[in-house]
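Work through these exercises with the sequence and the model open. Try each task before reading its solution.

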Amino acid sequence: MSMGRQELAAVVARDIPEGSYVNLGIGIPTLVGNYLPPGDAVILHTENGMLGMGPAPEPDQVDPDLINAGKQPVTERPGAAYFHHADSFAMMRGGHLDVCVLGAFQVSARGDLANWHTGAPDAIPAVGGAMDLAIGAKQVFVMMDLLTRDGTPKIVADCTYPLTGVGCVDRIYTDRAVFDITPDGLVVRETFGTTVDELRELLGLDLKEQR
Amino acid sequence: MKSKVRESVATALSEIPDGATIMIGGFGRAGQPVELIDALIEQGASDLTIVNNNAGNGETGLAALLAARRVRKIVCSFPRQSDSQVFDGLYRAGLIELELVPQGNLAERIRAAGAGIGAFYTPTGYGTLLAEGKETREIDGRQYVLEYPIRADFALVSALHADPWGNLVYRKTARNFGPIMAAAATTTIAQVDSVVELGALDPEVVVTPGIYVDHVVEVGERPWLRDGAFIGEAAS
């Protein structure tokens, strides 16, 4: 039994310690916010200049001056702070955020990340804060399906999509297993309805088991 | 100090020539100086280089400036969105030049220009397409890319309040690029919801000191702030 996205979001949230400053990337990582402990145990950062971001407002409380990185309306928690863009990215690049959670097209066994561009010749490229997030936080978590829709592994020996960052990913949460990227290589931390041998077969990669 | 308050957006923008490089504040709609952009379209300057995080949303504001074919080149981090159809069309037709910059590098390059920094080494983008051809250096075991400042002739920013000397305070996440763009441009024009009396802004909470601001124009409370106009148009 593989994990659904909501269940996986809960697994990621469980691994984020109380007191952390966290950035949740656009898309699936946003779901993690639904499973963080209630209250202000974890402080959310948004790249467009805020710490202490709260959930979406009631429809009649929407404020167009108060949005997240996905340009969706959000709210302000008590103790929130606003700052300009250079400070926001200095906070990120300077290693002050504890955790960021990102989506990905591919992650390599060495922790290279590809999540901004398919490389298709007719695609209009857009990078946003992806490259800054990839190299900034103390721990970079990726959350993605292990396989593409056509069954191709997204954890690979070498990324074929254009890179977002080199050797920057610490842990990969997928629907079938959680992997740590260590100096000794990929370590399977947790499996969901599969075995490490099955994962080795599927990915064609050297996998270690967590001791 | 003479008052920097101008009677109209048209007066404030009158000196912008063809070919100017203009920074425009805002992240999507938040902090976008819509009234100044509308006046810039009216003013008629063309062949512009625009620096903004995005490349326009929907059909108004920056998107309308692009649609009016006044922009030769845009420097931004995130052009493609669900409602960036104006930019998408121009780009695919080869009618606009794009310089794509990672968002943190964009912010720091703008900051560096205002702070008089000649260049800086950043880890962001190392080993990627966006660092191709750029100088790199290993410092204390980590790889960095050399990036240069982005300066502008003009900055158009939106703030909540100004005093007559151009001290600015912002509102929530509409602050975004405003303070760094104000410092990075030769001439900065700020639109504000309201101008307050000298001394009415607590000096402890001024975000952009007036030294960075040349012209201030009061536009009143932005009507689209309350009408929920952008809801449903939002994109990633």
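**Exercise 1. Find the acidic partner of B:Lys172 in a salt bridge, then describe the setting of B:Lys172.**

Step 1. Apply the rule: a side-chain nitrogen of Lys or Arg within 4 Å of a carboxyl oxygen of Asp or Glu. B:Lys172 pairs with A:Glu76, and their closest N and O atoms are 3.2 Å apart.

Step 2. Mind the source. This is a predicted model, where local features need pLDDT of at least 70, side-chain atom pairs count only at pLDDT 80 or more, and totals for chains, interfaces and linings use all residues. Residues are numbered from 1 along each chain as its sequence is written, chains are lettered from A and ligands numbered from 1 in the order in which they are written, and side-chain values use heavy atoms, with hydrogens and water left out.

Step 3. Place the lysine. B:Lys172 sits in the loop between strand S9 (168-169) and helix H6 (178-184) of chain B. Helices (H or I, at least four residues) and strands (E, at least two) are DSSP runs, numbered from the N terminus.

Step 4. Check backbone and exposure. Phi of B:Lys172 is near 50 degrees, a positive value in a residue other than glycine. Its relative accessibility is 24%, so B:Lys172 counts as partly exposed. The classes use a 1.4 Å probe and protein chains only: buried is under 20% relative accessible area, exposed over 50%, partly exposed in between.

**Exercise 2. Describe the interface of chain A and chain B: how many salt bridges and polar pairs does the rule find?**

Step 1. Count the pairs. The rule finds three salt bridges across the interface. It also finds 20 residue pairs in polar contact, both residues at pLDDT 80 or more. A polar contact is a pair of N or O atoms within 3.5 Å; within protein, one must be able to donate a hydrogen and the other to accept it, and residues adjacent in sequence count only if both atoms are side-chain atoms.

Step 2. Assign the elements. In chain A, strand S4 (75-82), helix H2 (85-93) and helix H3 (130-136) each supply at least two residues of the side that touches chain B. H2(A) gives the most, with four residues.

Step 3. Size the contact. It takes 41 residues from chain A and 52 residues from chain B, where contact means heavy atoms within 4.5 Å. The two chains bury about 3900 Å² between them, 64% of it on carbon and sulfur atoms. Buried area is the accessible area (1.4 Å probe) that two parts lose on being put together, summed over both.

Step 4. Name the main contributors. A:Asp65, A:Lys71 and A:Ile124 lose the most area in chain A, together 22% of what that side buries.

**Exercise 3. Is A:Phe89 buried or exposed, and what does it touch?**

Step 1. A:Phe89 lies in helix H2 of chain A. At 0% relative accessibility, it counts as buried.

Step 2. Leave aside neighbours within four places in sequence. A:Phe89 then contacts A:Glu47, A:Gly94, A:Gly129, A:Asp132, B:Gln103 and B:Gly104.

**Exercise 4. Why do the buried residues of H4(A) line one face of the helix?**

Step 1. In helix H4 (residues 196-203) of chain A, the residues A:Val196, A:Leu199 and A:Leu203 are buried.

Step 2. Seen down the axis, these buried residues fall within an arc of 55 degrees, so they line one face of H4(A). The arc is that of the directions from the helix axis to the C-beta atoms.

Step 3. On the other side of H4(A), A:Asp197 and A:Glu201 are exposed.
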